[in-house]
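Open your viewer, switch to a cartoon view and colour by chain. We will go from stop to stop, and at each one I will say what to select and what is there.

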Amino acid sequence: MSAISRFLDSDFVYSFRRSPVAVVSAVVVLIIVLCAVFAPLISPHDPFDLASISLLDSLKPPAFSPDGDWSFPLGTDDQGRDVFSSILYGTRISMIVAVLAISFSLVVGITVGLVAGYAGGAVDAVLMRIVDVQLTFPAILIALLVDGVVRAVLPPAAQDALQLDVIVFAIGISRWPQFARTVRGSTMIERGRDYVMAARVIGISSPRIMVSHILPNVLGPVLVIATLNLGLAVLDEATLSFLGVGLPPTQPSLGTLIRFGNNFLFSGEWWITIFPGLTLAAMVLSINLLGDWLRDALNPRLR
Amino acid sequence: MALLEVNQLCVEFPTRRGVLRALDNISFGIEPGEILGVVGESGAGKSLTGAAIIGLLEPPGRVASGQIIFDGKRIDNLDQEAMRAIRGRHIGAIFQDPLTTLDPLMSVGKQLIETMQTHLKLSDRDAKARAIQWLEEVGIPAASERVFAYPHQFSGGMRQRVVIALALCAEPRLVIADEPTTALDVSIQAQIITLMRRLAADHGTSIMLVTHDMGVIAETCDRVAVMYAGRIAEIGPVGDVVRSPHHPYTEGLMGSIPSLESRVARLRQIDGAMPRLNAIPKGCAFNLRCTKAIARCQDERPELLPAGTTQAACFLVQEGAQ
Amino acid sequence: MFAFILARLLQAIPVLLVVAFISFAMFQFVGDPLVALLGQNFTAEEADRMRHTLGLDQPFLVQYIHFLGRVLQGDFGISYRLARPVGELLAERLPATVELSLTAAVLALLVGVPLGVLTGIKRNALISRAMMVFSLIGVSLPTFLIGILLILFFAVQLGVLPSYGRGDVVHFSHWTTGFLSSSGRQAVILPAITLGMFQMTLILRLVRSEMLEVMRSDFIKFCRARGLTSRAINFNHALSNTLVPVITIVGLQLGMLIAFSIVTETVFQWPGMGLLLVQSIGNADIPVMSAYLLLIAVVFVTINLVVDLLYFAVDPRLRGGGK
């Protein structure tokens with residue numbers, strides 16, 4: 001049997017196909033990801049092209065209500081921007097931020113974990129102490145404070161241009177310790193195994209051993225955690241943007257859109273904040289469901 | 001009348017690749033006051049048999065067919081509540097690891113009292129007094145002071161004594177002991193075995209002693225059943241089975257045990273390994289590894305056939321080739 | 001046991017020192033405090049004098065030590081934005097945050113634990129599955145969205161609960177409380193539910209998963225083998241073993257409450273420390289941020305210590321006498 005057909009026949013894929021929740025949430029995530037990636041292509045309007053928006057279109061309700069207009073399926077905001085298009089672009093940015101941030105966390109976390117687990121001794125002790133200390137604080141708090149400090153440090157001119165980088169950095173920094181800890185634990189187990197000892201005897205350099213030999217074996221659990229953290233990163237970014245310290249209105253993410261739309265809640269234009277909100281909820285919910293299923297599927301004891 | 005009768009018991013595990021038969025037509029009995037040993041390799045089905053009898057099969061495992069008759073009444077088809085009333089009171093169980101068998105957050109005395117109060121109507125004072133008595137009986141020193149101590153405050157051997165007390169305190173007539181000494185130091189093992197034998201004799205309790213340790217069996221049991229791949233290969237009085245086994249598998253088992261007296265260059269080994277549940281050969285489960293197999297062994301499955309004082313599931317017994 | 005407390009305290013001190021250092025360093029890298037304090041135009045003389053007054057002409061380490069000294073006396077500097085001592089500002093806002101967090105925590109526990117036990121015992125019943133779906137939604141919805149939805153429904157549509165502020169408060173000694181007025185009590189409901197929702201769903205899922213884990217353990221098997229009733233097994237054995245690890249995790253989750261109170265206070269304009277922090281981040285008000293950082297570090301270290309002590313109190317295995 002080829003590797004692919006063996007994979008398709010495996011318990012893993014089987015339990016995926018059997019679980020309606022996993023399939024549905026995977027589909028939802030896929031749809032959202034595709035929409036976001038192809039946003040420029042499928043979006044009916046470009047909400048950032050100032051020439052294309054007109055105040056005459058402002059505050060239109062969603063298409064299915066009496067004053068609605070099907071060219072603006074989910075309504076418009078006070079500037080006449082189409083909510084649906086804003087959501088597509090916003091989702092895109094939210095995802096980009098989340099993926100970049102988690103990638104950053106992975107790189108830092110895996111490196112620290114490998115080094116700490118492989119070197120052991122004092123190096124391990126120091127690194128793990130740092131990890132432990134950072135883990136006593138909730139990630140969102142760290143992200144918030146890092147974001148705030150970095151902003152305060154940057155000169156005003158650079159602030160606007162670098163907002164995306166700042167938030168990616170803040171979220172990335174807040175989430176690396178868990179990866180470090182997991183990788184370190186796995187590395188310590190692998191370090192004692194025969195193939196590692198064999199590699200050392202042959203004289204392969206330590207960095208090479210860590211990357212080529214140990215790393216592939218410790219990636220498994222890390223990937224599960226990374227998936228769950230993607231959902232959390234999306235939430236973090238949305239929260240930071242909602243608080244006003246994330247992405248600006250010129251490059252809005254879902255969180256920014258919600259923050260912005262919140263002002264219109266009382267005057268009755270609920271769609272400006274609710275639709276981005278529902279999109280965010282659907283996205284995170286699906287990622288969480290997938291992550292839950294993934295964890296159960298990979299847990300040998302529950303089978 | 002036999003205290004326990006197991007007739008043609010089949011235990012199955014439905015999996016997505018088909019139904020696995022973990023116990024395949026097991027039949028045996030236990031008399032009152034008897035100690036029956038059940039021996040075999042890991043995966044032979046010894047623990048499953050005990051679990052099935054006491055009604056604690058882990059789902060999706062279930063009793064597919066056959067009967068379990070205790071004290072003249074069928075118990076394999078009872079509902080949850082009826083089975084619960086039997087457990088502890090009529091049939092007790094002892095498990096392998098005393099470290100994890102006891103609730104770490106409850107004192108041993110309380111656990112004893114709780115068990116007794118569930119099945120016997122006792123006043124609080126009487127229950128406490130009985131708890132102390134039981135602790136003394138299983139050999140815990142300074143029982144009255146330690147009755148409200150926690151499990152972690154006892155050593156491994158002491159803990160297993162507590163477990164034995166707990167299993168016996170509601171006065172069951174049959175106790176299923178699943179590898180009770182495997183997790184203990186060798187020196188403690190002997191003490192525990194002696195204790196179990198004494199208690200069984202004193203209270204008239206039967207024991208089904210499940211283990212992979214032939215030495216323990218030889219020391220303790222009246223009869224022994226040898227299990228292989230979910231079936232009973234041989235069953236009979238322990239002395240006879242050990243000294244003159246009739247089933248080739250039992251022979252192989254006995255030959256592979258080192259002894260202080262004989263001097264051999266190499267221990268005899270049985271080639272191959274016990275087949276997995278989804279790969280049990282047709283006919284006799286042992287035929288692929290058996291050095292004495294004949295043509296019939298590959299086609300027909302042998303029932304337990306009389307062989308002197310024992311019974312063996314082997315056609316060779318009939319052919320008179322033994 | 002005292003040795004234990006002492007050891008933990010000693011461990012905590014370097015952590016606090018490091019945080020204090022970061023807190024202090026923030027001032028160094030951020031723009032020029034002189035501009036904030038003296039305005040845009042000032043002479044070199046005024047600048048030198050100000051620097052000397054502020055101690056900015058001293059070596060780094062000396063400044064750090066002075067900083068520590070001030071902090072230990074409760075002097076956190078002056079807010080750039082509000083021109084008031086930061087310590088005063090924090091003290092003013094503290095009661096609001098504490099009352100909100102406490103209400104949310106109590107709510108989360110009172111709902112989360114029983115539901116978690118229920119779904120753990122009756123694993124496959126319809127209500128358990130419904131609870132699991134509900135809790136998953138609760139964990140996935142961002143706190144601010146929950147707040148917005150609640151406001152939309154209860155304040156805008158139904159108009160029965162206020163959507164911002166704390167209502168009428170009663171002052172006594174250094175504390176202000178909203179619990180003693182009906183408008184105060186009404187005002188705390190929506191924010192407390194919002195804040196507590198995340199915590200509650202977390203507790204529910206945690207208790208459930210611990211319960212399921214415990215129910216598969218050897219000692220529960222032995223309880224069954226002894227014929228104990230389901231009730232005895234669930235409540236005398238499974239529950240206690242479930243709650244021990246849950247207590248620690250819940251205690252550590254208090255930290256999350258504090259973090260998310262920032263968001264909730266923003267949504268509901270609740271006048272607590274969280275709202276103050278967000279405003280100060282927006283205004284680059286370093287003294288407030290730095291004080292908040294220190295305060296948070298102290299709070300978390302204390303929480304960790306208390307949780308460790310709780311573990312001690314609850315699990316007899318840790319109290320010694322074991323082999």
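## Stop 1: chain A

Select chain A, whose secondary structure amounts to 13 helices and 0 strands; here helices (H or I, at least four residues) and strands (E, at least two) are DSSP runs, numbered from the N terminus. This is a predicted model, in which local features need pLDDT of at least 70 and side-chain atom pairs count only at pLDDT 80 or more, while totals for chains, interfaces and linings use all residues. To find your way, note that residues are numbered from 1 along each chain as its sequence is written, with chains lettered from A and ligands numbered from 1 in the order in which they are written.

The C-alpha trace of chain A spans about 75 × 55 × 30 Å along its principal axes. Of the 303 residues in chain A, 46% are buried. A residue counts as buried if 20 or more other C-beta atoms lie within 10 Å of its own, as exposed if 12 or fewer do, and as partly exposed in between, with C-beta atoms placed from the backbone.

## Stop 2: one helix of chain A

Now select residues 20–37 of chain A, which form helix α3. Its 18 residues should span 26 Å at 1.5 Å a residue, and the end C-alpha atoms are 25 Å apart, which agrees. (The expected span is 1.5 Å times one less than the number of residues.)

Which residues of α3(A) are buried? Show A:Ser25, A:Val29, A:Ile32 and A:Ala36 as sticks to see them. They lie on the same side of α3(A), because they cover an arc of only 65° around the axis; the arc is that of the directions from the helix axis to the C-beta atoms. Turn the helix over, and the face away from the buried side carries the exposed residues A:Pro20, A:Val27, A:Leu30 and A:Leu34.

## Stop 3: where chain C meets chain A

Bring chain C into view. The contact takes 32 residues from chain C and 33 residues from chain A, where two residues are in contact if their C-beta atoms, placed from the backbone, lie within 7 Å. Among the elements of chain C that each supply at least two residues to this side are α1 (2–29), α10 (230–268) and α12 (286–314).

Colour the chain C side by class: 27 residues are nonpolar, 5 are polar and none is charged. In this scheme Ala, Val, Leu, Ile, Met, Phe, Trp, Tyr, Cys and Pro count as nonpolar, Asp, Glu, Lys and Arg as charged, and the others, Gly among them, as polar.

## Stop 4: the eight-stranded sheet of chain B

Move to chain B and find the open sheet of 8 strands, ordered β6-β7-β8-β3-β9-β10-β12-β11 with mixed pairing. Two strands pair if DSSP finds at least two bridges between them. At the edges are β6 (91–94) and β11 (305–307), each pairing on one side only. The twist averages 20° from one strand to the next.

Select β9(B) next: 6 of its 6 residues are buried. B:Arg223, B:Ala225 and B:Met227 are on one side, and B:Val224, B:Val226 and B:Tyr228 on the other. In a regular strand the side chains alternate between the two faces of the sheet.

What are the neighbours of β9(B)? Strand β3 (residues 35–39) runs parallel to β9(B), joined by 4 bridges, and B:Gly37 has B:Val224 as its bridge partner. β10(B) runs antiparallel to β9(B), with 6 bridges, and B:Arg223 stands opposite B:Pro237. These two strands, β9(B) and β10(B), form a hairpin with 2 residues between them, and B:Ala229 in the turn has a positive phi of about 50°.

## Stop 5: the four-stranded sheet of chain B

Still in chain B, look for the open antiparallel sheet of 4 strands in the order β2-β1-β4-β5. Its edge strands are β2 (18–30) and β5 (73–74). β1 (residues 4–15) pairs with β2(B) over 9 bridges, and B:Glu12 stands opposite B:Arg21.

Add residues 46–54 to the selection: this is helix α1 of chain B, which lies across β1, β2 and β4 (62–70) at about 75° to β2(B). Axes are lines fitted to C-alpha atoms, for helices over the stretch in contact, and angles run from 0 to 180 degrees between N-to-C directions.

## Stop 6: a helix of chain B

Finish at α5(B), residues 124–137, where B:Gly139 follows the helix with a positive phi near 90°. Its buried residues are B:Ala127, B:Ala131, B:Trp134 and B:Leu135. Show α4 (108–119), α6 (143–146) and α7 (156–168) of chain B too, as they are included in what covers those buried residues.
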